[in-house]
Each structure stands twice: as C-alpha cells, then as structure tokens.
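Hi,

Here's the structure I promised to pass on. Have a look, and my notes follow underneath.

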Amino acid sequence: MAGRALLTPQSYRHLTSYISLLIAVSMSTPRKETTFTIDTSSIKFGPGITGDAGYELDRLGVKRAMLVTDPRMANSEAVGIAIESLRGVGVDFAVFDQTSIEPTDVSFREAIKFAIDGKFDGFLPVGGGSCIDTAKAANLYSTYPADFLEYVNAPIGNGTPVPGPLRPLVAVPTTSGTGSETTGVAIFDFEEMGSKTGIAHRALRPDVGLVDPDNTRTLPKMVAACSGFDVLCHGIESYTALPFSQREKPESPASRPAYQGANPISDVWALAALEMVGKSILRAVLDANDSEARSNMAMAATFAGVGFGNAGVHLPHGMSYPVSGMVRNFRPDGYPEGKAIVPHGMAVILNAPAVFRYTAPSNPERHMRAAKLLGADTIGAGPEDAGDLIAERLIFILREIGVPNGLAAVGYSIDDVPSLVEGTLPQHRVTKLAPRPTDADELTALFTDSMQLW
Ligand SMILES: [Fe+2]
C-alpha cells in the first residue's frame, strides 16, 4: 500500500460527481413525514350532560348563541334541555332548525346566512353529524366571510386554510356515529358535482363535545345501525390507513393535513373503539332498550372520532361520497320522509367488505386484529385469510341487522360504476390514505364487487 495515493485526480472527480448525484436525488425525492399530531375536543360524557351546554358556552364567554338543529330534533327532549340550560345562565340565543340531514352546499349556505344575520358569538349544534357539521360551516363563514369554495378541500375547492381561531362551539351529538364532536371536519353534498366533499381544518374542531347517552335512547333502528356502521368504519379505516410516516412531509406546519395517517396514538383510540363496537353494535341496534349497549356505542363513536380525526379514513369513506351524492329513489326506514338518501353510514359500510379484502395484503396483521375485535374467529388463520375474515364478519353483522344487500339494493347498477369512480377520484383527502395505491381500475373493481355482498 505504501506510496499509493488515496485519492487520485480521477477518483476525486468520481467522488464529487457521486456526491452531486446524491444531493440531486435527495432534493428531488420528497422527504417523508416524521411528525404526527393529536388534537381533540374537550369531552364530557354521561347521562344528562346535555344540561351543561349553557354552562360551557357561558364559561367560554358566549353572550348570544346559534342553536343549530334539524326539523325532527327541534321539539326533542335534547333541544329542550339545551334551551333550558342557556336560559339558566342568561345566554341569549336563536334556533336554526332547518339543517338538512346529509347537508348540502345549499343548506350550509342557509345556515351561514342565518349566522351572519344573527351576529352570534357562539354555536350550539344539537343533533347528528349533519347539525354539528352545519354549525362548523356557519361558524367559519360568519367569522371569516369568503366565497363558498374558498375553504373547501382541494381540488374541488381552493383548500385555503382557516385564517385563525373560530368562535366557541359546543357540540351535543344525538346519534352515535360521526364523532363530529371531536373532529375538525365538516362534510356536505356538493349538489352540482353529485358527490360529497368537505372542509377540514383543526380550527373547526368543537371546543367541547357533550356526549349524552340519554340522547341516543330513541334512535330508530336503521338510524342506530347506520351511525354504528360509521363508527365501525372509522375504527377500521383509521387503524388500516397509510402510516403517517409514509406521507410526504409538508412544506410548513400550516399545511400538515388534519388527516395524517395511522399513528401510534390514533391506533389506541381506534382499537378501543373497535372493541366496544364488536361487543355492542348488534345489541344496540336490535334492542333499543339495551341502554348499556347504546351507551357503549355513544362512547365508541367518540373514541373512534379521536382516532380518525387525526389519522383519517380511506377508501370506504372516499367511495361513499358519490354513493350518497348520486342517490335516486332510495328511502330507508327511520329517516325523514320526502328526501331520497343513502345515509352516510350505509354508503360507507356497503363498500367496506370489498375494500378490506383488497387492502388486507398491505397489512394482514392489522386487518386480522380488527376482524377479531369485531368477533371473527381467527384461530388457525394465516395472513392470507385476513381479507376474507374481516369481509365475512362485516357481512355477518349486516345480515343480522337487515341492511340492503349491496349497492344494487340501494338503486345502483353496473352502468353507474364509471360515474361512481369519477365521483371518488377527486376525494384525495381520504383516497390518498389508502394503504394500497388505488386508481380508476381498482375503484371500478371495488364498486363492481360491492354491488351485491352475499
Ligand atoms: Fe364517517
């Protein structure tokens, strides 16, 4: 070795060009995310907690609140208790009771106009996710007025981040599903597109969620079922979503999305929610008098909300938006007469068996664990069985409850598949979190497989 130069001019040139190449590659390869965040509303849970609405708004400095509800809830006990509590602390209020179930941009705009005209400094939605989401939009656009599409998710809207803090919002959910009391997301049907989209930003998250199991006692069977399916899918989708560390790192903290991918903390909430759903969903739906099961579903909805509100959801939700948005004549039992709807939870669950069969190979252990928590017998099963196990368990639950057998049973045919695919492709906020890359061909196969489930 003696006398041999360590770095000849030629090898030096090679080394410098190699370093330049490395730098070029590292600059052109997007950096992966290294951070996840967990945000949630303050939650108060318990029978009768609706009566704390006035106290919470007063504590947050609200002098005049907009109580947001829907025509059917307007005379409910929950709204009555909320109004009493406002009177009890001297908070002025006005009631907006025209929330549309499965709200649209048109119904959002009505609420926004009511909010601007009413000069409110706080919001109190009492109702299902539709009421809570409507109140979030009313709060946003009355606080920072803008064209309607300004804050709506890109690429459908401009996706402009919410400019600053919003006014206090105390949410009282009366279904056990959306978990909207914990999330910074407001979903609506964009009528001209025939699909759902939404506004997602942490500033939309309610300050307080008052989760009162008493409010879910009188839910009709199919409403309890559909909200339960929503919880169930929030749990599985957030647990099986693309891990946060496989997303691209955002250019600034402000552009980190609300839905960040599965992470160790959202996993805890998703798994706890799935365990509760597995033990309670059939009891809660099939026996309205099983107050323990209905209470567990109310708690599971909130648990799942904390998980998916940070991790996000993926294909069953992304595919559900055109299924709800393109509805023709389907009218399920227990929902207001007059309006054709495929309820959100039903639109989600009908796609779920096909999706989880497809996504299971991305992470069989997670799919298997979710199936087991929902009651599947996984003894002796291997990773290759994970997709069938979870799909078959979901189908078992659907059949026990008596849900329409696939998309064909809610009015769709194979001819609709291209439009359903077209309505799903722009749902980047959620489809990008699928644990397998999914484009038009895969979506076509998934919708086709979802036409009939058994
Ligand atoms: Fe949902």
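Let's begin with a pairing: strand β2 and strand β4 (residues 122-127) run parallel and are joined by four bridges. Within that pair, A65 sits opposite G122 of β4. Bear in mind as you read that this is a predicted model.

β2 has another partner too. Strand β3 (residues 92-96) is parallel to β2, with five bridges between them. One register point to check in your viewer: M66 has A94 of β3 as its bridge partner. To get from β2 to β3, the chain passes through helix α3 (residues 77-89), and that β-α-β crossover is right-handed.

So is β2 (residues 64-68) mostly enclosed or open? Four of its five residues are buried, so the rest of the structure largely encloses β2. For the cut-off, buried here takes 20 or more other C-beta atoms within 10 Å of a residue's own.

The other thing I looked at is a helix pair further along. Helix α13 (residues 417-424) and helix α15 (residues 440-449) have axes that come within 9 Å and cross at roughly 125°. Angles from 65 to 115 degrees count as roughly perpendicular and those over 145 as roughly antiparallel, so α13 and α15 are oblique to each other. Their crossing is right-handed. On the α13 side, the contact is made by V417, L420, V421 and T424. From α15, the residues taking part are A440, L443, T444, F447 and T448.

Cheers

Terms used:
Residues numbered from 1 in each chain as written. Predicted model: local features only at pLDDT ≥ 70, side-chain atom pairs only at ≥ 80, totals over all residues. Buried ≥ 20, exposed ≤ 12 C-beta atoms within 10 Å, placed from the backbone. Helix = DSSP H or I, 4+ residues; strand = E, 2+ residues; numbered from the N terminus. Pairing = 2+ DSSP bridges. Right-handed = clockwise from strand over helix to strand, strands pointing away. Axes fitted to C-alpha atoms, helices over the stretch in contact; angles between N-to-C directions. Parallel < 35°, antiparallel > 145°, perpendicular 65-115°, else oblique. Left-handed = near helix turned anticlockwise from the far one by under 90°. Contact = placed C-beta atoms within 7 Å.
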